[in-house]
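Here's a quick look at the aromatic side chains and the charges that keep them company. Have the structure open while you read.

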Amino acid sequence: MDLWFSEVHTPDVKLSLRTAKQLYAGKSEWQDIEVLDTPAFGKILILNGHVLFSDADDFVYNEMTVHVPMAVHPNPKKVLVIGGGDGGVAQVLTLYPELEQIDIVEPDEMLVEVCREYFPDFAAGLDDPRVTIYYQNGLRFLRNCEDDYDIIINDATDPFGHTEGLFTKEFYGNSYRALKEDGIMIYQHGSPFFDEDESACRSMHRKVNQAFPISRVYQAHIPTSPAGYWLFGFASKKYHPVKDFDKEGWKKRQLFTEYYTANLHVGAFMLPKYVEDILEEEEGKNESFISYWMWGRCPSCYFKDLPR
């Protein structure tokens, strides 16, 4: 008898994967955790009924989360990862010898142990001597940080449940404060294709656009994501993700990648029209609000010089 796992994306759409066997099932203080073995995607990690990643496609997410900011920031030394208990983001960060400190804030210790057992290639990143894991709430950790980090990566799962506080105005404001004067924040922006997910994308962009002077969105194809399409956010105090991209410098590193390339870096910020419309509508709401309350004049007078 065939066994299938199905993740509901909308009332009318499911992602269904044929499953060879269940490798693990448990419940931590924070969430339900499950590991399945599948013929098509290898091992997959499921949190609260939703696919977090698979053996087959996690490299896309990890590479696009790490290489984009690392190819833009000219001198990063300290990186903070909020979430990241699987170790995938840390594993890619450890490819950069100039990084001196990688702090990971993950509340769920059980998740870390499960990933160490079932996804050892990803979790190996957690064993790098530059990595320190803090088992606590990410928002609470950020409240005690100021001018500390060059790059912050919000690797939290989604804006619901115990990670909901990592997608709020307070979180983005605290991230801004925790970054150094030229810091960069990367965050997962979700999938905008289905109507059920669009409102979360809009809300995130509006909040980040209020908190940072430079806020851009880029994209990647991740098969196990809703619609196979995923967005990431790039927010910075100083650097533009394309204009300040050190293409030749990154290429000289000769790092092995499976998805990210220097050419792809630029292309990832070229978004479909419907996504551009969503983002511009939310930016327009922010500009109108700021203009009304602070300047009493056309918002374009203030925003015209910001990189776009």
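## Lysines over rings

In this predicted model, the charged end of K78 sits over the ring of Y149, 5.1 Å from the ring centre. K237 does much the same kind of thing with Y176: its charged end sits over that ring, 4.3 Å from the centre.

## Y176 and its other partner

Y176 also has an aromatic partner. Together with F212 it makes an edge-to-face pair, with 5.2 Å centre to centre and 70° between the planes. An angle over 60 degrees is what counts as edge-to-face, so 70° earns that label.

Where do Y176 and F212 lie? Y176 is in helix α6 (residues 169-178), while F212 is in the loop between α7 (195-211) and β12 (214-221), so the pair ties together parts that are 36 residues apart in sequence. As for burial, Y176 is partly exposed at 33% relative accessible area, whereas F212 is buried at 3%.

## The wider aromatic picture

How many aromatic pairs are there? The count comes to 15. Y134 and F141 form a tilted one, 5.2 Å centre to centre with 50° between the planes. Y134 is partly exposed, with 29% relative accessibility. F141 has a relative accessible area of 11%, and since buried means under 20%, F141 counts as buried because of that value.

Then there's a group to pick out on screen: Y61, Y218, F232, F234 and F269 form one aromatic cluster.

Definitions and conventions: Residues are numbered from 1 along each chain as its sequence is written. This is a predicted model: local features need pLDDT of at least 70, side-chain atom pairs count only at pLDDT 80 or more; totals for chains, interfaces and linings use all residues. Side-chain values use heavy atoms; hydrogens and water are left out. Rings of Phe, Tyr and Trp (its six-membered ring) pair if their centres lie within 6.5 Å; planes under 30 degrees apart count as stacked, over 60 as edge-to-face and the rest as tilted. Buried means under 20% relative accessible area, exposed over 50%, partly exposed in between (1.4 Å probe, protein chains only). Helices (H or I, at least four residues) and strands (E, at least two) are DSSP runs, numbered from the N terminus. A charge sits over a ring if NZ of Lys or CZ of Arg is within 6 Å of the ring centre and within 35 degrees of the ring normal.
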